[in-house]
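Here is a friendly walk through one protein model for someone meeting it for the first time. Take a look at the sequence and the 3D view, then read on.

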Amino acid sequence: MHITKLKLIRFRNYDTLDLEGFLPGLQMVIGKNAQGKTNLLEAIHICANGKSFRVRSDSKTIQEGSDKAYIFVEYEKNGRKNHVEVLIGRDRRKSFKRNGIPVQSMKEMLGHLLVVVFSPEDIKTAKESPSLRRAFVDGEISKIRPSYVDALKKYASIIAQKSAAIRKSKGKDVSDILRAYNEQLEEYIRIILKNRRVYMQKLNEYVDKTHKIISGGKEKIEIFYKNTIKEENISEQLDALIPREIEEFGCFAGPHRDDLEFKLNGRDVKEYASQGQLRTMMLSVKIACLRILEDSAGHTPVLLLDDVFSELDEERKKNLLKSIQDIQTFITTAERQETSGAMVIEVVAGSAKVKKTERGQG
């Protein structure tokens, strides 16, 4: 699968833009800071996943002075051309069309144009709040297991009800009520933990392969899933926690409290990894996610890499490009890199044009 056209109207700093002829391989999006390079990646991501990877409210992507923005992406999959259109309004409403037909829900959108993105913000996943790591793994599993989304929603709803019951109890014995909630939670906890366990096994396998290439075999990455509840005898474990929950007014175990631990050469990355190592690691993680999605979908997703070359030495830059040579990739960068056979898109102040296709060094 690869993108062939991108059109923008009143999107971010682009008044109008019409680019086509993208290569199945590498597109280097080159320009100085604050010129609009990342905006191109953001537009593609919205068409694929229904939302921006940069802001919560997509209305912020509308050009100042306009009341709506329009995105069109054409892509080829299995020899057939398809297209997605997105209209974003100031009222926070978005409308989607796929091949000219209005889409009624995001479920109808997802799974057709597959995109994986890396941005500098992803580095926070390894170092900051456990909620970021849970959101990361849940988001990736949801791309390949739609039923997982339903399990997460139902689990979150029951946990919210159980937490409310604990707070209202004000320390009184509500064990029977909490046991009833625990019975409801058991099924969804089992689904969530099984999916996370299977996904983490695949993720570690692909991360190990990719990171060996990018780091030149100098580093080993391992990702551990830290359970607060084991997969066996779930209800018994939950019931054993009831006295503490009543005393301390909260639900202290379950998938909503689990975490991931990233290790580099056996050491916790939160304490020992440099910025360059963290960037390399998260790049490897995102490429691994793409490979898992590729296995599930049967075709290769598009890769969007925003500002990946910062803090990488020349060897790692070359190794990164080697690891993604079979993937259609859009890379933003402030400086030309050594490339071969890449399309070069030059961005200047909300204007983008294809300069040339690199045949040798850039």
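## The core, and what counts as one

A nonpolar core here is a set of buried Ala, Val, Leu, Ile, Met, Phe, Trp, Tyr and Cys residues joined through side-chain atoms within 4.5 Å. Keep in mind that this is a predicted model. Its largest nonpolar core has 110 residues, and Ile71 and Leu203 are the ones that touch the most other members. The biggest share of this core comes from helix H6 (residues 175-214), which gives 13 residues. As a rule, nonpolar side chains in soluble globular proteins tend to be buried together.

So who does Ile71 meet? Setting aside neighbours within four places in sequence, Ile71 is in contact with a list of residues that includes Leu6, Leu8, Phe11, Ala43, Ile46, Val84 and Ile88.

## The six-stranded sheet

Next comes an open sheet of six strands, in the order E2-E1-E4-E5-E6-E7, with antiparallel pairing. Which strands stand at the edges? They are E2 (14-20) and E7 (101-103); each has a single partner strand, so one side of each is left without a neighbour in the sheet. On average, neighbouring strands here are turned by 20° against each other, direction ignored.

Helix H1 (residues 37-49) packs on this sheet and touches E1, E2, E4, E5 and E6. The direction of H1 makes about 110° with that of E1. Over at the E7 edge, strand E6 (residues 94-98) pairs with E7 in the antiparallel sense over three bridges, and Lys97 stands opposite Pro102 in E7.

## A closer look at strand E4

Strand E4 (residues 68-77) is largely enclosed by the rest of the structure, because seven of its ten residues are buried. E4 pairs with strand E1 (residues 2-11) in the antiparallel sense over seven bridges, and Leu6 has Val73 of E4 as its bridge partner. With strand E5 (residues 80-89), E4 shares ten bridges, again running antiparallel. Lys68, for instance, has Gly89 in E5 as its bridge partner. E4 and E5 make a hairpin with two residues between them, and Asn78 in the turn has a positive phi of about 55°.

Tyr70 is found in E4 too. Is Tyr70 buried or partly exposed? With a relative accessible area of 22%, Tyr70 is partly exposed, because buried would take a value under 20%. Its side chain makes a polar contact with the side chain of Glu85, at 2.7 Å. Not counting residues up to four places away in sequence, Tyr70 touches Lys7, Leu8, Ile9, Glu85, Val86 and Leu87. For a sense of scale, the C-alpha atoms of Tyr70 and Leu312 are separated by 35 Å, and the two residues are 242 apart along the chain.

## The three-stranded sheet and helix H10

There is another open sheet, with three strands in the order E9-E10-E11 and antiparallel pairing. Strands E9 (221-226) and E11 (267-268) stand at its edges with a single partner strand each, so one side of each is left without a neighbour in the sheet. Strand E10 (residues 259-264) and E11 pair over two bridges, and Lys263 has Asp268 of E11 as its bridge partner.

Helix H10 (residues 275-297) lies across E9 and E10, running at about 120° to E10. H10 has 23 residues and reaches 33 Å from its first C-alpha to its last, close to the 33 Å expected. This helix is mostly covered, with 18 of its 23 residues buried. Just after H10, Gly298 takes a positive phi of about 85°.

## Helix H5

Helix H5 (residues 146-169) has 24 residues and reaches 36 Å from its first C-alpha to its last, close to the 34 Å expected. Its buried residues include Tyr148, Ala151, Leu152, Tyr155, Ile158, Ile159 and Ile166. Among the things that cover them are helix H4 (130-144), H6 and helix H8 (242-248). H5 is followed by Lys170, whose phi is positive, near 50°.

## Thr329

Last stop: Thr329, placed in strand E13 (residues 329-333). Thr329 is buried, with a relative accessible area of 1%. Its side chain reaches the backbone oxygen of Ile327 at 3.1 Å. Leaving aside neighbours within four places in sequence, Thr329 is in contact with Gly25, Leu26, Gln27, Leu303, Leu305 and Ile324.

Note on methods. Residues numbered from 1 in each chain as written. Predicted model: local features only at pLDDT ≥ 70, side-chain atom pairs only at ≥ 80, totals over all residues. Heavy atoms only, no water. Helix = DSSP H or I, 4+ residues; strand = E, 2+ residues; numbered from the N terminus. Buried < 20%, exposed > 50% of the residue type's maximum accessible area, 1.4 Å probe, protein only. Polar contact = N/O pair within 3.5 Å; in protein donor to acceptor, adjacent residues only side chain to side chain. Contact = heavy atoms within 4.5 Å. Expected span 1.5 Å × (residues − 1). Pairing = 2+ DSSP bridges. Axes fitted to C-alpha atoms, helices over the stretch in contact; angles between N-to-C directions.
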